[in-house]
Amino acid sequence: MKTIAIDLDDTLNNFEETLQGTPFAHGGEYGFSEAVFADYLARVRRRAEEDDDLLATEYSFFKYRIHHRCYQLAAARPDGVAFVRELKRTGWRIVICTYRDLRRANESTRQWLNDNGIPFDHLFMAWNKIVFCRLWGIEHLVDDDPFNILNGDLYGVKVYYPELARHQNLPPNRARAFRSFDELLPWIQG
């Protein structure tokens, strides 16, 4: 069966735009001051790494809560929805492969996919999507992560990625950038 792995955030939706543009309010439910809230939100928006060796910190939980809200608010790309529907119609197995912590966000992720009419066969969390694709025998990966863009071809995974500003300075690679999902069908079927 023809199988493809597809990422969610900044591939099928506008996660980064949602993260940067949503006016999150302190509201008091976070349990810390407005100054700490503003600092944490600024750190989340600039993708700051955790500065603590602990796996769970006040900041990491805050980051999860902000990201979770963005998962719910992010808009699906209409061309991406049409692409996935066409794949399903033509017999492809669709694996949604995400970095999201699905221990916490499984239900809301499934709800978002259903609410946006995005068909899928499997939903997995994978930190190394190249290894995941190799283990599953998946030849095609649609993903925006530079690691996957640069390394997929080295391991026999064809990577396609939405052309984003952050990709402008990538070194030469064999992944294929697209502006619209409409470009992908001929590439993966050819």
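Begin by selecting Thr 22, which counts as buried in this predicted model because its relative accessibility is 16%, below the 20% under which a residue is called buried. Thr 22 is found in the loop between helix 1 (15-21) and helix 2. If you show its side chain, you will find that one of the polar atoms there lies 2.6 Å from the backbone oxygen of Thr 18. Leaving out residues up to four places away in sequence, Thr 22 touches Arg 45 and Leu 73, so it is useful to keep both of these on display.Moving along the chain in the other direction, select Asp 10, which lies in the loop between strand 1 (3-6) and helix 1. Is Asp 10 buried or exposed? Its relative accessibility is 10%, and for that reason Asp 10 counts as buried. Its backbone also deserves a look, as Asp 10 has a positive phi of about 70° although it is not a glycine. Most residues other than glycine have a negative phi.

Next, colour helix 2 (residues 34-45) and helix 3 (residues 58-73), and turn the view until both can be followed from end to end. These two helices pack at an angle of about 65°, and their axes are 10 Å apart, which makes helix 2 roughly perpendicular to helix 3. The crossing of helix 2 and helix 3 is right-handed. To see where they meet, show the side chains of Val 36, Phe 37, Tyr 40, Leu 41, Arg 43 and Val 44 in helix 2, together with those of Glu 58, Tyr 59, Phe 62, Lys 63, Ile 66 and His 67 in helix 3. Sorted by class, the residues in this contact of helix 2 with helix 3 are eight nonpolar, one polar and three charged.

In the loop between helix 2 and helix 3, select Arg 47. Arg 47 has a positive phi, of about 60°, although it is not a glycine. With a relative accessibility of 48%, Arg 47 counts as partly exposed.

Keep helix 3 in view and add helix 5 (residues 102-115), which packs with helix 3 at an angle of about 15°, the two axes being 10 Å apart. How are helix 3 and helix 5 placed, roughly parallel or roughly perpendicular to each other? They are roughly parallel, because an angle under 35 degrees is counted that way. Helix 3 passes helix 5 in a left-handed crossing. From helix 3, the contact is made by Phe 61, Tyr 64, His 68, Tyr 71 and Gln 72, and from helix 5 by Arg 104, Ala 105, Ser 108 and Trp 112. By class, this contact of helix 3 with helix 5 has five nonpolar, three polar and one charged residues.

For the last stop, select Arg 179, whose place is in the loop between strand 6 (176-178) and helix 8 (184-189). Arg 179 is exposed, with a relative accessible area of 65%. If you leave aside its neighbours within four places in sequence, Arg 179 is in contact with Arg 77, Asp 79 and Glu 163. Finally, add Pro 162 to the selection: Pro 162 and Arg 179 are 17 residues apart in sequence, and their C-alpha atoms are 5.9 Å apart in space.

Notes:
Residues are numbered from 1 along each chain as its sequence is written. This is a predicted model: local features need pLDDT of at least 70, side-chain atom pairs count only at pLDDT 80 or more; totals for chains, interfaces and linings use all residues. Side-chain values use heavy atoms; hydrogens and water are left out. Axes are lines fitted to C-alpha atoms, for helices over the stretch in contact, and angles run from 0 to 180 degrees between N-to-C directions. Helices (H or I, at least four residues) and strands (E, at least two) are DSSP runs, numbered from the N terminus. Angles under 35 degrees count as roughly parallel, over 145 as roughly antiparallel, 65 to 115 as roughly perpendicular and the rest as oblique. A crossing is left-handed if the near helix is turned anticlockwise from the far one by less than a right angle, and right-handed if clockwise. Contact means heavy atoms within 4.5 Å. Ala, Val, Leu, Ile, Met, Phe, Trp, Tyr, Cys and Pro count as nonpolar, Asp, Glu, Lys and Arg as charged, and the others, Gly among them, as polar. Buried means under 20% relative accessible area, exposed over 50%, partly exposed in between (1.4 Å probe, protein chains only). A polar contact is a pair of N or O atoms within 3.5 Å; within protein, one must be able to donate a hydrogen and the other to accept it, and residues adjacent in sequence count only if both atoms are side-chain atoms.
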